[in-house]
Amino acid sequence: MAKETTQTSIFDSSPDSQMYEYKLSVEKVQTELLQYGLTSNQSKVFIYLGKYGSKTAPEVCKALKLPRTETYHLLSALQNKGVVSATFQHPIQFTALPLDKAIWILVNSEKERVKSLEQMEKGLSELWENIPAFDSIHDEVEEKFQMLQGSNQIHSKITEMTDSYNDEFLILGSEKDYLKLYHGDFLESFVKSKQQFRLLSACSEKTAYIFDDLERKNIKKLSKDIENHLCFILKDNGEMLFFTKNANSTEELFAMWTNSKSMVYSMKLLFESLWTNSKNIHL
């Protein structure tokens with residue numbers, strides 16, 4: 001009997017079972033681990049090993065109902081990332097590191113990767129400049145669209161926009177959106193900025209501290225009637241980043257960037273209308 005119960009995991013629990021509450025928590029952890037570079041199935045295996053103890057590959061395969069070959073690939077990938085260890089005994093037992101240590105390893109690995117990329121930039125730029133440009137005709141700037149999925153892609157685009165704006169930067173977002181911007185240090189670019197910026201926020205008094213270093217005259221509070229899934233960013237009346245799934249969504253962040261004049265103009269009109277009808281936040 002004990003052997004059979006090990007084959008039933010939290011991942012199999014149904015809404016009418018006592019384990020379903022834990023399954024929902026597991027799914028939230030899975031979503032968060034995506035931000036650290038683990039795929040959905042990698043995080044699934046990591047969570048399983050972390051909560052059910054050391055297991056062999058066949059046990060993982062059977063419990064999580066994964067294809068045999070994929071299971072070995074997943075375990076190998078997690079070992080390479082340094083968040084799962086294996087024994088020398090036969091059969092091999094796989095063990096997940098404690099979550100805090102695993103996160104530390106994943107974060108530092110990403111830091112080293114980014115540092116390496118930064119060091120490569122100079123050489124790559126030199127190679128790029130050595131290649132002549134064959135398109136000598138420069139037509140009017142085309143209107144473009146770019147779909148962005150996940151925090152990394154979106155945060156990279158926001159950094160690009162905040163680093164290069166000249167005239168005015170406008171942001172409208174929910175409380176959770178602004179908390180993400182705050183913890184991602186994006187709001188710091190406005191602290192000593194000589195350019196204009198205006199922020200429309202749905203933040204409550206509990207989170208108003210994120211604006212402490214900013215000019216309060218440039219910040220207004222959205223009406224409670226505005227739904228909290230609306231979030232967009234406008235740069236210099238020329239670019240827009242619009243979240244189709246923002247921080248309030250249970251799914252991965254999804255956004256669209258465009259320099260379409262008509263779309264940027266439409267969202268600017270919406271922003272100005274909401275700005276006029278919004279109140280200044282309390283000092």
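1. A good place to start is the largest pocket of this predicted model: its lining takes at least three residues from domain 1 (18-101) and at least three from domain 2 (145-280). The volume of this pocket is about 1,200 Å³.

2. Have a look at what surrounds that pocket. There are 36 lining residues, and Glu32, Gln35, Tyr36, Ser151 and Lys180 are those nearest the centre. Helices H2 (20-34), H6 (99-130), H7 (151-164) and H8 (175-183) each contribute at least two residues to the lining, with H6 giving the largest share, eight residues. Sorted by class, the lining holds 15 polar, 13 charged and eight nonpolar residues.

3. Next, the largest nonpolar core. It has 27 residues, and Phe190, Leu199, Phe211 and Leu241 touch the most other members. Two or more residues come from each of H7, strand E4 (168-173), H8, strand E5 (196-201), strand E8 (239-245) and strand E9 (254-258); H7 gives the most, three residues.

4. Phe190 deserves a closer look in your viewer. Leaving out residues up to four places away in sequence, Phe190 touches Tyr165, Phe169, Ile171, Phe197, Leu199 and Leu214. A second, separate core has 25 residues, among them Val60, Leu78, Val83 and Leu106.

5. Finally, a polar residue to check: is Gln42 buried or exposed? Gln42 sits in helix H3 (residues 40-52) and counts as buried because its relative accessibility is 9%, under the 20% cut-off. Beyond its neighbours within four places in sequence, Gln42 is in contact with Gly37, Leu74, Ala77, Leu78 and Lys81; of these, Leu78 is also a member of the second core.

How values were computed:
Residues numbered from 1 in each chain as written. Predicted model: local features only at pLDDT ≥ 70, side-chain atom pairs only at ≥ 80, totals over all residues. Heavy atoms only, no water. 1 Å grid on protein atoms, 1.4 Å probe; cavity = no way out; pocket = protein on both sides within 12 Å on 5 of 7 lines; lining within 4 Å. Points joined across faces, edges and corners; volume = space filled by probe spheres on them. Helix = DSSP H or I, 4+ residues; strand = E, 2+ residues; numbered from the N terminus. Nonpolar A, V, L, I, M, F, W, Y, C, P; charged D, E, K, R; others polar. Domains from an automatic or database assignment. Buried < 20%, exposed > 50% of the residue type's maximum accessible area, 1.4 Å probe, protein only. Contact = heavy atoms within 4.5 Å. Core = buried A, V, L, I, M, F, W, Y, C linked by side-chain atoms within 4.5 Å.
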